[in-house]
Amino acid sequence: MEWLDAMRGLTMILVVAYHVAQMSFGISEKTSSSLPFLVLFRMPLFFFVSGFLAYKGDFAWTWTNTMSLTWKKVKIQVLPALVFLCAFIILKRPEFWGSFEYAMKSPTKMGYWFTWVLLHMFIIYYAACMLQSYVNSKFPKNRYPNIVIWTLFLLSLIVYESLYLPDLTYYKEPFFRYSSLIKTMNFLPFFLFGNLTHRYWTTLQRLTATCSSWFVPMLMIVAFISCADIFRWHACKMEWANLPRTTAMYSLLVIMIVFFYHYQAWFTHERVIGRFLQYIGVRTLDVYLLHFILLPKMPQVGQWLNANRPNFVLEIVTSFSVALVVIAFCLLVSQVLRISPLFRRYLFGRH
């Protein structure tokens, strides 16, 4: 699916652009006109793609196969992030051990939380797949062959919503912060949503074709109303405050998927934009690991944007322009590192 790789490439650009605005320009989400909107679907889209690609229709979920697959993920998700985190601290921080200890105790790991959290998700998902395989073998006439994954998805939604209930603060315990499980709880529903989308992809294609006349307009209206409540109205309070945000995240996520699928002819290798986005899409790990080290310090740009705010288009254009330069350097450094078979295998998971 070339359009899926292209969508992953755009998502990586969004991630770098967000960090450019926040870390390079010094723009805060509270004062920005673009960051609060982009954050609604930036990482959800990333985890959606990860969950979509995690589905393996013909895979035999035996104990041996699952442990082998899990070990491969451990090597890819842990070692590269740890190596580049250390490189980041050495190059960007004045003191190593204090910074390293701070990173290990932080849920964001100085930005290197993504691969660690993705490993959590893979382990949870693989366990669910083993259980699903066992259930299907015991009940071969089961009418609901994905019941375990659906149950896990619904449970993950409940846990996600509980993070925003004012009376529940269990997630503030040090264990959830140090392990980054708070991040896992935040994004696991989107990973599983992507996985279920792949499982029912043929059905969803037919449904989208049948309902195309009203489905997308409805999504756009829902997204607009939800965003209006988040940024302007603030009608929902207390226990209901996260409902518009969740609705906006899923509606914007689906709009992005429908857009790339509908215009998939734009994103093939025959088109320049398709080749460009796909190249970034298949190198997302490289860009993610390297871009923190290569982000420039440009506080003057942030001061200028703050002096001329609010200007959504200006922020987007400026952040994206610098992000594309940073990504170009990430890909260049990646190519140099990939000369070594050792680095190619252990830093980027490529044989």
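In this predicted model, the largest pocket comes out at about 840 Å³. A pocket here is an open set of points on a 1 Å grid over the protein atoms alone, where a 1.4 Å probe fits and protein lies on both sides within 12 Å along at least five of seven lines. Its volume is the space filled by probe spheres set on the points, with grid points joined across faces, edges and corners. Thirty residues line this pocket, and Lys73, Ile76, Gln77, Leu285 and Arg350 sit nearest its centre; to count as lining, a residue needs an atom within 4 Å of a point.

Helices 3 (42–54), 4 (63–92), 6 (114–138), 13 (284–294) and 16 (341–346) each hand two or more residues to that lining, with helix 4 giving the most, six. Helices are DSSP runs (H or I, at least four residues), numbered from the N terminus. Sorted by class, the lining has 15 nonpolar, six polar and nine charged residues. Nonpolar covers Ala, Val, Leu, Ile, Met, Phe, Trp, Tyr, Cys and Pro; charged means Asp, Glu, Lys and Arg; the others, Gly among them, are polar.

Next up is the second largest pocket, at about 560 Å³. Its lining takes in 23 residues, with Val39, Trp113, Lys183, Asn186 and Phe187 closest to the centre. Helix 1 (2–24) chips in the most, five residues. By class, this lining holds 15 nonpolar, five polar and three charged residues.

Residues are numbered from 1 along each chain as its sequence is written. Local features need pLDDT of at least 70 and side-chain atom pairs pLDDT 80 or more, while totals for chains, interfaces and linings use all residues, and side-chain values use heavy atoms, leaving out hydrogens and water.
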